[in-house]
Amino acid sequence: MKNILVIIGHRGIGDLIYHLPLLRSLHQTYKKKIILISNKVNKAKDVYRYEKFYSEILEFDHNRYSFTKSINKILTFKSLINSFNPDLTILTSNSSRLVIPVYFSNSKKKIIFDKKKFFLITNKGNTLLTSSEKLHKHTKKLCLESNFINNFYLDSTEIKRVKINDDYSKKIFINLDSHHDQNNWKIENFINLIKIFLTYDFKIFINFSPSKFEYFNVHLNEFLNNNKITLIYKKNITEIIEIINFCDVVVGNESGPICLGASLKKEVHSIYLPKHTRPESQIINKEINYYNADLLNGEKITNEILRSIINKD
């Protein structure tokens, strides 16, 4: 098999971690490096920077447009696929904007995960599965047999060492928000947790979306001159991965940074709201600590996080 093409339409950083078993298993099975075409929003070039399973990563715009512009983008995307003359193309999402160009491409073999009937009707058997569960299920169905690599851990051997004082007893990464704000623990709870952390010999890195600076700046103003705290909201994903790899503990809402922390084998504390999301990252690492914010109040979650971190100090 000459060219293997994998198309990732998912938007989340966590979704890239969920793809690792598929990508590694394909690489191992066919002894070929994979060509990746990935949604530019998920920052695949940064997340997969040190991985060995791909030859190149191309990014594409997966936003919705008018009918006319969508048709042009579908035709352009089909031409992009055809330019690689792929022997095998795997599309891991079922968006019609991606399914159509794959279906009509010149790829010799086409596999579409969770394919809709007639491009419209969803497979009801998969509606209750999370994104990670769907990817895992379809990867296993490829029958890669002994070459199936069930490994969600990023290769950290080449990640650059952060040039920050390493004398602290613990380095803690805190992520304050989540995608679309669907899973956010109250900022007051995070502030209280941070204040307690400051009574220990801990270095704290605080991350949030740059678009929410005005909101978080009001709440974090009292910490701005504290040398134990570094705000990293301006950092790119490569730098954030380097900082997470430097840290011992990752705390935050169930989100991309939580998945990165689990994939880099850190002590992870994930807070989630069942009405918006499930603790999907548990497929990466069974050692993650989860806190259901519907069942546990802020004080209870804070105390459990502190107990775990301090007992391991």
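Here is a short conversation about a predicted model, its overall build and its helix α4.

Residues are numbered from 1 along each chain as its sequence is written. In this predicted model, local features need pLDDT of at least 70, side-chain atom pairs count only at pLDDT 80 or more, totals for chains, interfaces and linings use all residues, and side-chain values use heavy atoms, with hydrogens and water left out.

Trainee: What is the radius of gyration of the protein chain?

Mentor: Let's start with the parts: the chain has 11 helices and 11 strands, which are DSSP runs (helices H or I, at least four residues; strands E, at least two) numbered from the N terminus. The globule rule, 2.2 Å times the number of residues to the power 0.38, gives 20 Å for 313 residues. The value here, taken over C-alpha atoms, is close to that, so the chain is as compact as a globular protein of that length: 21 Å.

Trainee: Which residues of α4 are buried?

Mentor: Helix α4 covers residues 67-83. Buried means under 20% relative accessible area and exposed over 50%, with partly exposed in between (1.4 Å probe, protein chains only). By that cut-off, the buried ones are Ser70, Ile74, Phe77 and Ile81.

Trainee: Why do the buried residues of α4 line one face of the helix?

Mentor: An α-helix has 3.6 residues a turn, so residues three or four places apart point the same way. On the other side of α4, Thr68, Thr76 and Ser83 are exposed. Judged by the directions from the helix axis to the C-beta atoms, the buried residues line one face because they fall within an arc of 65°.

Trainee: Which residue with positive phi follows α4?

Mentor: Look just past the end of α4, which spans residues 67-83. The residue there has a phi near 45°, and it is asparagine 85.

How values were computed:
The expected span of a helix is 1.5 Å times one less than its number of residues.
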